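Trainee: I am new to this structure and would like a close look at a single part of it. Could you choose one strand and take me through its surroundings with care?

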Amino acid sequence: MTQRVLFRGAALAASLVVALPLAACSTSGAGQSDGDGTTIKVLVSSGHQQFNPVWDKLPEFTAETGITVQLDQVATTDIEGAFQRDVTVGACTYDNVELLDGALAGAAPKMADLAPYLTKSGSSAEELFGAQVGWTKGAMEFDGKVAYYPFYSGAKGVAYREDLFTDDKNKADFRAKYGYDIPTPPTTPDQIVDLAEFFTNRGTKYGIVFSGQGDSGETTLADVIFRHGVNGYQADDDNALWGPSNTANQAKVVESARWLIDLINKGYAPREVTSMATGEATSFYTAGNAAMIYDHIYLPWAQFSAQEVVSKIGKTGSFEPPSFVEGAGGITFYWGRGIPECSKNKDASWTFMQWVMSEENQKLALTKGQGVYVPTDQNLLAWSVEQGVVPQGVADAVSNNKPYKVTTATGRMRQKINIPLVDRLYQGNLTPEEYAKQSGEAIQKEAVDSGLVQ
């Protein structure tokens, strides 16, 4: 496993003294003189209720800057369409937008370069990305411009029952059977399998549970594929990363699929994972039926510490899933904020960007908002772990994960093509070899049909 990069204890306290690139710039700086009396329209996801306490402070922002913010909150599934329709018809009513990973590439040509605004504010693109986790530069820059400001991420992680991992008899029996101590955390995928085998029918019904249905099931497999060193769905030339032009990667995809399916076939994970998304897998774990859960554990993290759950299964720990290839990381999920090139209020929009991304407001979202917020800023990510808001395993994964190429077709490749095939894989209707071949060919066909490759 890659080395943890988050600060702890006194090192964390010292790190927080360093000002953030954007937070260091007061809202009385760049764009302030152009803000008096300006109204900007901001497009955000209604699902990001973590930021509701920040939105409650918008009257304060207006009083300080003279900029009025009209907030347009739409569903996550509709946010890309709302923005694209607006600019396509030439309305350009939005001055600031937040978009999720699959939408960034398609909207990037319509976004202003943030680099001049960073410079104007006394910062730079280098400082911005230097303060963020490593993959953000590759994910937020398009054609040489800083199209988005990174702020929100997520990753797969493993949560585990501390009582089982620390029990003296379990520790002695594990060492006697496998020849090494119970690893906390495990450093190889083989150790995960050993743990899953050992804890099956030993205090729990199963050693591990994971999502095996729909979007969260697809990302479980994607995380394992990434950890084999195959980062994404498309190569740099837009061909399918394990399709006809890149058949060498198919063996890694087969191995990834087999590793997960074997957990089910050997009885270490329940066969019911084929109908489990994150919610169902979480309920299975919190009911005491599994020693570990491999999933989007940052979403139910607060639930794991609820008194009724702790009284039933004890405290929950976390760790980053180990990779199969040294230096590989898992799949990451993320959002970025951008300023449309056609906006007539770019300076005011940048002033708003500085305000919403300030350390004060991000901490407010982390601690007072509803739901879970995983920041991409390294200092804030470390702070959120210290506060118990984000699990250490997810913070480690977010820090070590890898960017992947996102095109205008990537969303369709995942949703229309890959999810149904992954469902069939988990259900036993496709072998790992059939999944690798069929998904690679179908992703390649989508790349051709989309005009990305000939």
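Mentor: Before we start, a residue is called buried when its relative accessible area is under 20%, and please keep in mind that the model we are looking at is predicted. The part I have chosen is strand E11, which covers residues 332–338, and because seven of its seven residues are buried, the strand is largely enclosed by the rest of the structure. If you follow the side to which each residue points, Thr332, Tyr334, Gly336 and Gly338 face one way from E11, while Phe333, Trp335 and Arg337 face the other way, and the residues of both groups are buried.

Next, consider the strands with which E11 pairs. In general, the strands of a sheet pair through backbone hydrogen bonds, and they do so in either a parallel or an antiparallel manner. Strand E3, made of residues 96–100, is antiparallel to E11, and four bridges link the two; at one position of this pairing, glutamate 98 has arginine 337 of E11 as its bridge partner. This is the Arg337 that we met among the residues pointing the same way as Phe333 and Trp335. Strand E6, residues 149–155, also pairs with E11 in the antiparallel sense, here over six bridges, and within E11 it is phenylalanine 333 that serves as the bridge partner of glycine 154. To bring the picture together, E11 has antiparallel pairings with E3 and with E6, and its residues are buried whichever of the two ways they point.

Note on methods
Residues numbered from 1 in each chain as written. Predicted model: local features only at pLDDT ≥ 70, side-chain atom pairs only at ≥ 80, totals over all residues. Heavy atoms only, no water. Buried < 20%, exposed > 50% of the residue type's maximum accessible area, 1.4 Å probe, protein only. Pairing = 2+ DSSP bridges.
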